[in-house]
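Biologist: I am new to this model and would like a close look at a single part of it. Please choose one stretch, say where it sits, and then work outward to whatever surrounds it.

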Amino acid sequence: MTEILTPEAYAHTQRLGARLAGGMRATVDAHGLPWHIHHLGPRSGYTFQPTPIRNGAEGRAAADELLTRLIRVWLANRGVWEAIVGAGPVCSVPASDADVDAYHDAWGSLLGALAA
């Protein structure tokens with residue numbers, strides 16, 4: 001583990017995570033969707049309201065199971081897999097800029113279809 005989870009590896013996942021979240025946020029903004037994109041280190045995610053969720057009640061109110069599952073299937077059909085339904089993407093150590101680009105492409109086509 002000490003040979004894989006190095007400071008450089010963590011820096012790599014942090015950079016990709018920031019790039020991933022930034023692209024997701026830009027696409028949400030471009031399509032005028034009232035969604036919030038959150039980001040912490042290598043992890044990004046989305047909520048179906050314009051502000052961060054602060055508590056369980058807000059989380060339940062913003063939840064949309066059908067939309068969450070649609071996102072999962074849409075992305076999977078375009079070669080992008082999110083392991084945990086509704087948790088959003090995470091950039092792992094072996095991830096690359098090409099992986100982030102693939103996510104952005106699939107995410108962009110999804111949001112374009114939803115906003116149309």
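Modeller: Helices and strands here are runs assigned by DSSP, at least four residues long for a helix and at least two for a strand, and they are counted from the N terminus. The model is a predicted one. The part I choose is the loop between helix 3 and helix 4, where Ser92 is found.

Ser92 has a relative accessible area of 38%. Buried stands for under 20% and exposed for over 50%, so Ser92 counts as partly exposed. Setting aside residues up to four places away in sequence, Ser92 touches His12 and Thr13. The C-alpha atom of Ser92 is also separated by 9.0 Å from that of Tyr10, although their positions lie 82 residues apart along the chain. Pro94 belongs to the loop between helix 3 and helix 4 as well. With 69% relative accessibility, Pro94 counts as exposed. Its C-alpha atom and that of Ile4 are separated by 9.8 Å, and the two residues are 90 apart along the chain.

One partner of Ser92, Thr13, leads to helix 1, where Thr13 is among the buried residues. Helix 1 covers residues 7-30, which makes 24 residues. From its first C-alpha to its last, helix 1 reaches 34 Å, close to the 34 Å expected at 1.5 Å a residue. Others buried in helix 1 include Leu16, Leu20, Met24 and Val28. Strand 1 (36-40), strand 2 and helix 4 are among the elements that cover these buried residues. Ala26, also in helix 1, counts as partly exposed, at 46% relative accessibility. Ala26 and Gly108 are 82 residues apart in sequence, yet 9.6 Å apart in space from C-alpha to C-alpha. After helix 1 comes Gly32, whose phi is positive, near 65 degrees.

Back at the loop, the helix on one side of it is helix 3, residues 65-76. Helix 3 has twelve residues and spans 16 Å between its first and last C-alpha, close to the 16 Å expected at 1.5 Å a residue. Its buried residues are Leu67, Thr68, Ile71, Arg72 and Leu75. These residues sit on the same side of helix 3, because they cover an arc of only 140 degrees around the axis. On the face turned away from that buried side are the exposed residues Glu65 and Leu66. At the start of helix 3, the backbone nitrogen of Leu66 has a side-chain oxygen of Asp64 within 3.3 Å.

Strand 2 (43-47) and helix 4 (97-115) are included in what covers the buried residues of helix 3. Thr68 is one residue to follow here: Thr68 lies in helix 3 and has a relative accessible area of 13%, which makes it buried. Apart from neighbours within four places in sequence, Thr68 is in contact with Phe48, Val85 and Gly86.

Strand 2, part of that cover, contains Thr47. Thr47 is buried, at 12% relative accessible area. Beyond residues up to four places away in sequence, Thr47 touches Trp35, His36, His38 and Ile53. Of these partners, His36 is found in strand 1. His36 and Tyr46 are ten residues apart in sequence and 5.6 Å apart from C-alpha to C-alpha. The contacts of His36, without residues up to four places away in sequence, include Gly45, Tyr46 and Thr47 as well as Pro50 and Pro52.

On the other side of the loop is helix 4, with 19 residues and a reach of 26 Å from first C-alpha to last, close to the 27 Å expected at 1.5 Å a residue. Val100, Tyr103, His104, Ala106, Trp107, Leu110 and Leu111 are buried in helix 4. These buried residues pack against helix 1, strand 1, strand 2 and helix 3.

One more feature involves helix 4, namely a pocket. Rolling a probe the size of a water molecule over the atoms shows where empty space is left. The largest pocket has a volume of about 350 Å³. Its lining is made of 19 residues, and Val80, Trp81, Pro89, Val90 and Tyr103 lie nearest its centre. Helix 4 gives the most to this lining, with four residues.

Technical notes. Residues numbered from 1 in each chain as written. Predicted model: local features only at pLDDT ≥ 70, side-chain atom pairs only at ≥ 80, totals over all residues. Heavy atoms only, no water. Expected span 1.5 Å × (residues − 1). Buried < 20%, exposed > 50% of the residue type's maximum accessible area, 1.4 Å probe, protein only. Arc of directions from axis to C-beta. Contact = heavy atoms within 4.5 Å. Polar contact = N/O pair within 3.5 Å; in protein donor to acceptor, adjacent residues only side chain to side chain. 1 Å grid on protein atoms, 1.4 Å probe; cavity = no way out; pocket = protein on both sides within 12 Å on 5 of 7 lines; lining within 4 Å. Points joined across faces, edges and corners; volume = space filled by probe spheres on them.
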